[in-house]
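Trainee: Could you walk me through the aromatic pairs in this one, slowly? I'd also like to hear about whatever else catches your eye along the way.

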Amino acid sequence: MDGCIFCKIVDKQIPSRIVYEDDSILAFHDIDPKAPVHVLVIPKQHITSINEVTQENSQVIAHIFATMPKIAQQLGIKDSGYRVVVNCGKDAGQAVNHLHYHVLGGRSLTWPPG
């Protein structure tokens with residue numbers, strides 16, 4: 001998708017601090033972290049939001065969730081706990097129109113989040 005910052009990160013046009021990558025997903029540190037550990041996990045395929053998940057592209061979502069514990073282990077937060085957040089739409093705080101999951105940890109997280 002033209003102009004999508006996350007697609008540019010996937011294409012290595014914009015540098016990022018990658019923590020995990022395979023053929024279908026990418027995980028990298030958030031540039032504005034809200035916790036000591038704050039990583040974004042995205043499908044490499046451009047999917048605008050949860051609203052655009054279909055039967056045809058849902059396999060990558062399952063892969064993301066199957067891979068998150070490995071990423072959490074690598075980041076040292078698997079055992080202490082972590083939160084996975086996804087925002088859908090402007091009112092929910094989705095700032096980039098490319099589906100992404102925030103993985104937050106490294107401290108005690110409060111509820112409700114905001």
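Mentor: Let's take the aromatic pairs, then the pocket, then two backbone oddities. Keep in mind that this is a predicted model.

Searching the whole structure turns up 2 aromatic pairs. Take Phe6 and Phe28 to begin with: their rings sit edge-to-face, with 5.6 Å from centre to centre and 75° between the planes. Phe6 belongs to helix α1 and Phe28 to strand β2 (residues 25-29), so this contact ties together parts that are 22 residues apart in sequence. As for burial, Phe6 has a relative accessible area of 6% and is buried. Phe28 is buried too, at 3%.

The other pair is Phe65 with Tyr101, again edge-to-face, at 5.2 Å centre to centre and 80° between the planes. This one also links distant parts of the chain, with Phe65 in helix α2 (residues 58-75) and Tyr101 in strand β5, 36 residues apart. Here the partners don't match in exposure. Tyr101 is buried, with a relative accessible area of 4%, whereas Phe65 is partly exposed because its 42% falls between the 20% and 50% cut-offs.

Now for the pocket. The largest one has a volume of about 640 Å³. It is lined by 28 residues, and those closest to its centre are Asp30, Asp32, Lys34, His38 and His102. Some of the elements you've just met come back here: α1, β2 and β5, along with β3 (37-43) and β4 (82-85), each supply at least two residues of the lining. Helix α1 gives the most, with 3 residues. If you sort the lining by class, you get 14 nonpolar, 8 polar and 6 charged residues.

Last, the backbone. Most residues other than glycine have a negative phi, and most peptide bonds are trans. Against that background, two spots are worth a look. Lys12 has a positive phi of about 65° even though it isn't a glycine. You'll find Lys12 in the loop that runs between α1 (5-10) and β1 (18-21), and its relative accessible area of 46% makes it partly exposed. The other spot is the peptide bond joining Trp111 and Pro112, which is cis, with omega at about 0°. Pro112 lies in the segment that follows β5 (101-105).

If you want a thread to follow on screen, try α1: it holds Phe6 of the pair with Phe28, gives the most residues to the lining of the largest pocket, and comes before the loop with Lys12.

How values were computed
Residues are numbered from 1 along each chain as its sequence is written. This is a predicted model: local features need pLDDT of at least 70, side-chain atom pairs count only at pLDDT 80 or more; totals for chains, interfaces and linings use all residues. Side-chain values use heavy atoms; hydrogens and water are left out. Helices (H or I, at least four residues) and strands (E, at least two) are DSSP runs, numbered from the N terminus. Buried means under 20% relative accessible area, exposed over 50%, partly exposed in between (1.4 Å probe, protein chains only). Rings of Phe, Tyr and Trp (its six-membered ring) pair if their centres lie within 6.5 Å; planes under 30 degrees apart count as stacked, over 60 as edge-to-face and the rest as tilted. On a 1 Å grid over the protein atoms alone, a cavity is a set of points where a 1.4 Å probe fits but cannot get out, and a pocket is an open set with protein on both sides within 12 Å along at least five of seven lines; lining residues have an atom within 4 Å of a point. Grid points are joined across faces, edges and corners, and a volume is the space filled by probe spheres set on the points. Ala, Val, Leu, Ile, Met, Phe, Trp, Tyr, Cys and Pro count as nonpolar, Asp, Glu, Lys and Arg as charged, and the others, Gly among them, as polar.
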